[in-house]
There are 2 protein chains.
Amino acid sequence: MLIDLKCNEFIEELASASPAPGGGSVSALAGALGAALVSMVANLTIGKEQFKADEEELQAVLAKASELKEKLMSYVDEDTEAFNRVMTAYKLPKGTEEEKKARTQAIQEAMRQAASLPMEVAECCLEALQLTKTAVAKGNPNALSDGGVAVLMAFAGLQGAIFNVQINLGSIKDEQFVQTMREKKEHVLRKGQALRDEILAMVETKLN
Amino acid sequence: MLIDLKCNEFIEELASASPAPGGGSVSALAGALGAALVSMVANLTIGKEQFKADEEELQAVLAKASELKEKLMSYVDEDTEAFNRVMTAYKLPKGTEEEKKARTQAIQEAMRQAASLPMEVAECCLEALQLTKTAVAKGNPNALSDGGVAVLMAFAGLQGAIFNVQINLGSIKDEQFVQTMREKKEHVLRKGQALRDEILAMVETKLN
């Protein structure tokens with residue numbers, strides 16, 4: 001599994017001429033790193049006398065961040081698997097009319113999965129981004145830059161996943177599916193951008 | 001070494017209550033992932049007949065991206081080491097006046113290093129970001145979303161590293177040093193933002 005590779009091995013595998021893993025898996029990884037940084041900020045805040053007033057809220061953030069971190073880590077591999085299923089479908093035989101039809105159907109099904117999966121990644125990253133707000137606003141100020149980096153990673157994961165939705169939508173014939181996905185991605189991206197701008201402004205104010 | 005940890009172990013280590021590794025190492029990792037994605041796009045383009053006209057330029061991009069990837073991977077550990085040296089300096093004895101003076105000096109020296117290091121990371125990420133322009137403009141269009149994610153990761157690494165410069169500058173007494181670093185960081189950030197906006201607009205146009 002990709003997530004079991006050493007960091008340097010994953011990076012080398014990524015840099016290679018093989019088309020997978022690629023940006024989809026990196027987006028999920030970025031989201032997981034963002035969620036992990038939220039956990040870190042919460043862990044550096046919880047249990048300290050001066051932050052007692054916000055302890056309960058940070059406990060909830062920690063629990064949710066841990067859950068998202070696990071989910072996003074599993075998406076690192078799932079995204080590459082979804083990509084590989086598209087490649088496998090393209091290799092199906094296309095000798096007879098029947099084979100051609102079955103192959104087209106298999107490609108379309110695999111493509112829909114390869115678009116749906118990064119949409120789930122984007123939604124998880126949006127949830128992680130929501131958590132960074134509490135981490136930055138109420139977390140230990142010594143970990144402010146960690147909270148700031150959490151914002152950047154969660155948003156990069158979100159937007160990167162959206163790119164992966166978009167590139168797959170181009171090959172999908174099911175217009176209803178494409179329309180629904182386009183609306184969803186616009187919604188997630190707009191919400192994410194607004195949140196990122198709001199929280200980064202908070203980081204900047206606190207850093208200066 | 002952190003970069004030798006498995007991805008999931010690195011993420012768990014990050015999420016823990018220990019203050020290092022943190023956002024500084026993640027910023028370097030993000031930059032390394034961005035550089036690796038540039039390499040991937042170049043590798044998926046070089047050697048293909050239809051992209052022959054740009055082959056030489058992509059070879060140069062590949063060579064530079066590989067170099068930046070190596071540098072940024074080493075910064076993953078170096079950033080945490082710089083942070084740990086600050087922590088060590090804080091633990092020096094402060095019983096006598098002489099000890100106090102030596103301790104303050106050691107803290108200040110470690111702090112300057114802990115601010116200089118993420119500045120180097122930010123500069124490497126800016127170089128990686130520059131490479132993403134060719135990857136997006138002239139790379140294999142099948143890898144367009146990978147080029148897009150490369151932009152996001154290189155810029156997240158840049159801005160994250162700048163946060164780490166900023167948080168350390170707050171504790172540094174050497175005003176000349178602080179002033180120089182502030183100017184440098186403004187320059188790198190502005191240049192990075194302009195580049196990111198330009199390249200992401202190109203990604204959007206090509207994706208639609």
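This is a walk through a predicted model of two chains, A and B, with a selection to make at each stop.

**Chain A on its own**

Start by showing chain A alone and colouring it by secondary structure. Chain A has 6 helices and 0 strands, and from the N terminus its elements follow the order α-α-α-α-α-α. Turn the C-alpha trace of chain A to view its principal axes: the spans are about 75 × 35 × 30 Å. Of the 208 residues in chain A, 56% are buried. Among the contacts in chain A with a separation of 6 or more, 78% are between residues 24 or more positions apart.

**The cis peptide bonds**

Next select A:Ala20 and A:Pro21. The peptide bond joining A:Ala20 and A:Pro21 is cis, with omega about 0 degrees. Most peptide bonds are trans. A:Pro21 sits in the loop of chain A between α1 (7–15) and α2 (23–43).

Now go to B:Ala20 and B:Pro21. Here too the peptide bond is cis, and omega is near 0 degrees. B:Pro21 belongs to the loop between α1 (7–15) and α2 (23–43) of chain B.

**Both chains and the axis**

Show chains A and B together. How is chain B superposed on chain A? A rotation of 180 degrees does it, with 0.0 Å of shift along the axis and an RMSD of 0.0 Å. This is the relation of a two-fold axis. To locate the axis from chain B, select B:Lys6: its C-alpha is the nearest to the axis in that chain, at 1.8 Å.

**The interface**

Select the residues of each chain that touch the other. The contact takes 56 residues from chain B and 56 residues from chain A. The copies meet through the same surface, because 100% of the interface residues of chain B are also interface residues in chain A.

The area buried between chain B and chain A is about 4,500 Å², and carbon and sulfur atoms give 69% of that area. Show B:Cys7, B:Ile11 and B:Phe163 as sticks: in chain B these residues lose the most area to chain A, together 14% of what that side buries.

There are 18 residue pairs in polar contact across the interface of chain B and chain A. On the chain B side, the elements that give two or more residues are α1, α2, α3 (55–90), α5 (144–169) and α6 (175–207). Which element gives the largest share of the side of chain B that touches chain A? That is α5(B), with 14 residues. Coloured by residue class, the side of chain B that touches chain A divides into 32 nonpolar, 16 polar and 8 charged residues.

**Salt bridges between the chains**

The structure holds 20 salt bridges over all chains, and 2 salt bridges cross the interface of chain B and chain A. Select B:Glu12 and A:Lys69, whose side chains meet in a salt bridge with an N to O distance of 2.9 Å.

Are these two residues buried or exposed? B:Glu12 counts as partly exposed, at 35% relative accessibility. A:Lys69 is buried, with a relative accessible area of 6%.

Then move to B:Lys69, in helix α3 of chain B. B:Lys69 counts as buried, because its relative accessibility is 6%. Its contacts, not counting residues up to four places away in sequence, are A:Ile11, A:Glu12, A:Ala15, B:Ala32, B:Ala35 and B:Ala36. Add B:Glu70 to the selection: A:Glu12, B:Lys69 and B:Glu70 are linked in a network of salt bridges.

**Salt bridges within chain B**

Two further stops stay inside chain B. Select B:Glu97 and B:Lys100, which form a salt bridge with their closest N and O atoms 3.5 Å apart. Both residues lie in helix α4 (residues 97–138) of chain B, 3 residues apart, about one turn of the helix. B:Glu97 is exposed at 60% relative accessibility, whereas B:Lys100 is partly exposed, with a relative accessible area of 39%.

End at B:Arg196 and B:Asp197. Their side chains meet in a salt bridge, 3.2 Å from N to O. B:Arg196 counts as buried at 17% relative accessibility, while B:Asp197 counts as partly exposed at 45%.

How values were computed:
Residues are numbered from 1 along each chain as its sequence is written. Chains are lettered from A and ligands numbered from 1 in the order in which they are written. This is a predicted model: local features need pLDDT of at least 70, side-chain atom pairs count only at pLDDT 80 or more; totals for chains, interfaces and linings use all residues. Side-chain values use heavy atoms; hydrogens and water are left out. Helices (H or I, at least four residues) and strands (E, at least two) are DSSP runs, numbered from the N terminus. Copies are superposed by least squares on the C-alpha atoms of residues with pLDDT of at least 70 in both. Contact means heavy atoms within 4.5 Å. Buried area is the accessible area (1.4 Å probe) that two parts lose on being put together, summed over both. A salt bridge is a side-chain nitrogen of Lys or Arg within 4 Å of a carboxyl oxygen of Asp or Glu. A polar contact is a pair of N or O atoms within 3.5 Å; within protein, one must be able to donate a hydrogen and the other to accept it, and residues adjacent in sequence count only if both atoms are side-chain atoms. Ala, Val, Leu, Ile, Met, Phe, Trp, Tyr, Cys and Pro count as nonpolar, Asp, Glu, Lys and Arg as charged, and the others, Gly among them, as polar. Buried means under 20% relative accessible area, exposed over 50%, partly exposed in between (1.4 Å probe, protein chains only).
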